[in-house]
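Here's a quick tour of some charged pairs and a pocket. Have the model open while you read.

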Amino acid sequence: MARQLNLDTVWQNFWKEEYLREKMLRCEWHRKYGLLVRAKQKAKAAARLPLTLPTLQPKAPILPPPVPKAAPAKVPSPVSEASFQTEMYPVLPATRALLYEGISHDSQGRYRYLNTRKLDVPEKRYLFPITTNFTYGWQLGPPAKQELVSCKMCRIESFFRKNGAFALLDPRDLAL
């Protein structure tokens, strides 16, 4: 459809009045409902803010009774006052130095530092379990190696069913 270009003064006045009428309606609406809309927007923004929970500090270790001065003094533990501000033990200086040697692309730098830190058990890295998943691996100890003493054919014969896939199970095939 072609656009009509024959605008005379009557049409121009009509569009001018329509524009002013819409403008007045918008101003009236804002005057009437603007404060209510802004209050709802603030409430929605406050609801979208993340919930901040208070941080729990680990319980301070119970100090032993004071030792007489005649006894040799104990070596202070590596846990300092500053470590209670974080959840991890401080890194050894030799391990920290790995960060600044080379680049990760060459399996040095950050790559080597993280792999070295990964070798430590969680009890040596963290003061306490941070998440509930930590409790599964906390204080497990070294992994026990299981060596296979059977031959390959023995494993194959004991793995597969002897009676076929849909046959009734033989009591000798079941592990009870």
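Is Arg21 buried, partly exposed or exposed? Arg21 counts as partly exposed, because its relative accessibility is 47% (buried means under 20% relative accessible area, exposed over 50%, partly exposed in between, with a 1.4 Å probe and protein chains only).

A word on the ground rules. This is a predicted model, where local features need pLDDT of at least 70 and side-chain atom pairs count only at pLDDT 80 or more, while totals for chains, interfaces and linings use all residues. Residues are numbered from 1 along each chain as its sequence is written, and side-chain values use heavy atoms, with hydrogens and water left out.

**Salt bridges**

Side chains of opposite charge can pair when their charged atoms come close. The structure holds three salt bridges, each one a side-chain nitrogen of Lys or Arg within 4 Å of a carboxyl oxygen of Asp or Glu. Here they are:

| Pair | N to O distance | Spacing in helix α1 |
|---|---|---|
| Glu18 and Arg21 | 2.7 Å | three residues apart |
| Glu22 and Arg26 | 3.7 Å | four residues apart |
| Arg31 and Glu28 | 2.5 Å | three residues apart |

Helix α1 covers residues 9–48; helices (H or I, at least four residues) are DSSP runs, numbered from the N terminus. For Glu18 and Arg21, the spacing is about one turn of the helix. Glu22 and Arg26 also sit about one turn apart, and so do Arg31 and Glu28.

How open are the partners? Glu18, which pairs with Arg21, is partly exposed because its relative accessibility is 23%. In the next pair, Glu22 has 41% relative accessibility and therefore counts as partly exposed, whereas Arg26 is exposed, with a relative accessible area of 53%. The last pair splits along those lines too: Glu28 is partly exposed at 39%, while Arg31 counts as exposed at 61% relative accessibility.

**The second largest pocket**

Now for some empty space. A pocket is an open set of points on a 1 Å grid over the protein atoms alone, with protein on both sides within 12 Å along at least five of seven lines. The second largest one holds about 220 Å³, a volume being the space filled by probe spheres set on the points.

Ten residues line that pocket, each with an atom within 4 Å of a point. Tyr89, Pro90, Leu92, Arg117 and Lys124 lie nearest its centre. By class, the lining has five nonpolar, two polar and three charged residues (Ala, Val, Leu, Ile, Met, Phe, Trp, Tyr, Cys and Pro count as nonpolar, Asp, Glu, Lys and Arg as charged, and the others, Gly among them, as polar).

Technical notes:
On a 1 Å grid over the protein atoms alone, a cavity is a set of points where a 1.4 Å probe fits but cannot get out, and a pocket is an open set with protein on both sides within 12 Å along at least five of seven lines; lining residues have an atom within 4 Å of a point. Helices (H or I, at least four residues) and strands (E, at least two) are DSSP runs, numbered from the N terminus.
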